[in-house]
2 protein chains.
Amino acid sequence: MQQPTEGELAILSVLWRLGGATVREVNDRLNDDSDKPIGYTTTLKLMQLMADKGLVSRDTSSRSHVYTAIAGRERTQQGLLRRFVDATFGGSRTQLVLRALGESNATPDELAEIKRLIEELEKEENHA
Amino acid sequence: MQQPTEGELAILSVLWRLGGATVREVNDRLNDDSDKPIGYTTTLKLMQLMADKGLVSRDTSSRSHVYTAIAGRERTQQGLLRRFVDATFGGSRTQLVLRALGESNATPDELAEIKRLIEELEKEENHA
DNA sequence: AAATATATACGAAAGCATTCGTAGTTGCAA
DNA sequence: TTGCAACTACGAATGCTTTCGTATATATTT
């Protein structure tokens, strides 16, 4: 599965949230969040290209085609994360985490959740 | 300070390691790690553009100009991280961290270091 | 039925990063 | 001093993503 570009990722994010959506719906969502408005045909074109690449499927049975993400969210995030860590932190996920936590405004709950995960990982270590 | 592109970041990484370096030195390093060789003039051009953008400074007193990073490593990583988290994890650093740790091969030492950081952050929480 | 709104399709332009060819310069070695 | 090696400068080509204009078809409203 090919990695999405930044524009494609924005569209995938909407599809992950909505499940399935028309170009109109996606384009509206994109323009809700966004500063600079994106033209309808721009979104359409991008989604057509994504269909060609296999990132999304589409149901063309009604006039307004309904698109659905094929690319999985976790898998896609993992792939992008790998690229980013390689380029920016020399491949060290730990460095990334340290930098991310260092300036995050993580809430106590979030910190607790991360700590819990770490403790689980440590348990796995011990079992191995 | 403008964010570097991916190619520029690769060059900055070398400069951060070496302190100051000529185009030849940077190009050699890039081609050490890399699969696909990068032409000398390609690196030269990129570094010239970086000088224009203020990402690096250069000492032109000798024939081989010596380049030095102006962009700081931590600051640059922070900036790139923010962009990435916004695009890929909807701005949630916590999500990023959870995903990064979930599949990392972090060593026990690294896990311990992250835990230590979290505990420090929790202490700060309490003080506030 | 005619006018209007909303779809898809698609070529092409625009924007940006990267790559390279080539010209011209400077140092060094034969 | 002649020639070769290494350097800078820079225009231009390439490649990729994004954006948009326009043609065309299909629904909906008046």
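**View 1. Aromatic pairs in the predicted model.** Over all chains, the structure holds three aromatic pairs. Rings of Phe, Tyr and Trp (its six-membered ring) pair if their centres lie within 6.5 Å; planes under 30 degrees apart are stacked, over 60 edge-to-face, and the rest tilted. Phe84(A) and Phe89(A) are edge-to-face, because their ring centres are 6.2 Å apart and their planes stand at 70 degrees. Phe84(A) is buried, at 10% relative accessible area. Phe89(A) is buried too, at 7%. Buried means under 20% relative accessible area, exposed over 50%, and partly exposed in between (1.4 Å probe, protein chains only). This is a predicted model: local features need pLDDT of at least 70, side-chain atom pairs count only at pLDDT 80 or more, and totals for chains, interfaces and linings use all residues. Residues are numbered from 1 along each chain as its sequence is written, chains are lettered from A and ligands numbered from 1 in the order in which they are written, and side-chain values use heavy atoms, with hydrogens and water left out.

**View 2. The Phe84 pair across the two chains.** Phe84(A) and Phe84(B) are stacked, 4.2 Å centre to centre with 5 degrees between the planes. Phe84(A) sits in helix H4 (residues 73-89) of chain A and Phe84(B) in helix H4 (residues 73-89) of chain B, so the pair joins two chains. Helices (H or I, at least four residues) and strands (E, at least two) are DSSP runs, numbered from the N terminus. Both Phe84(A) and Phe84(B) are buried. Phe84(A), Phe89(A), Phe84(B) and Phe89(B) form one aromatic cluster.

**View 3. The axis between the chains.** A rotation of 180 degrees, with 0.0 Å of shift along its axis, superposes chain A on chain B at an RMSD of 0.1 Å. This is the relation of a two-fold axis. In chain A, the C-alpha of Val97(A) is nearest the axis, at 2.8 Å. Superposition is by least squares on the C-alpha atoms of residues with pLDDT of at least 70 in both copies. The copies meet through the same surface, because 100% of the interface residues of chain A are also interface residues in chain B.

**View 4. Thr43(B) and its contacts.** Thr43(B) belongs to helix H3 of chain B. Its relative accessibility is 2%, so Thr43(B) counts as buried. Beyond neighbours within four places in sequence, Thr43(B) touches Ile11(B), Val23(B), Val26(B), Asn27(B), Leu30(B) and Ile38(B). Contact means heavy atoms within 4.5 Å.

**View 5. The surface near DNA strand C.** Strand C is surrounded by 20 residues; the closest are Arg24(A), Tyr40(A), Arg58(A), Thr5(B) and Gly7(B). A residue is near a strand if one of its heavy atoms lies within 4 Å of it. A polar side-chain atom of Arg24(A) lies 2.4 Å from a phosphate oxygen of strand C. For a side-chain N or O atom of Tyr40(A), the distance to a phosphate oxygen of strand C is 2.5 Å. Arg63(A) places a side-chain N or O atom 2.9 Å from a base oxygen of strand C.

**View 6. The surface near DNA strand D.** Among the 20 residues around strand D, Thr5(A), Gly7(A), Arg24(B), Tyr40(B) and Gln48(B) come nearest. A polar side-chain atom of Arg24(B) lies 2.2 Å from a phosphate oxygen of strand D. For Arg58(B), a polar side-chain atom is 2.9 Å from a phosphate oxygen of strand D.

Definitions and conventions: Polar contact = N/O pair within 3.5 Å; in protein donor to acceptor, adjacent residues only side chain to side chain.
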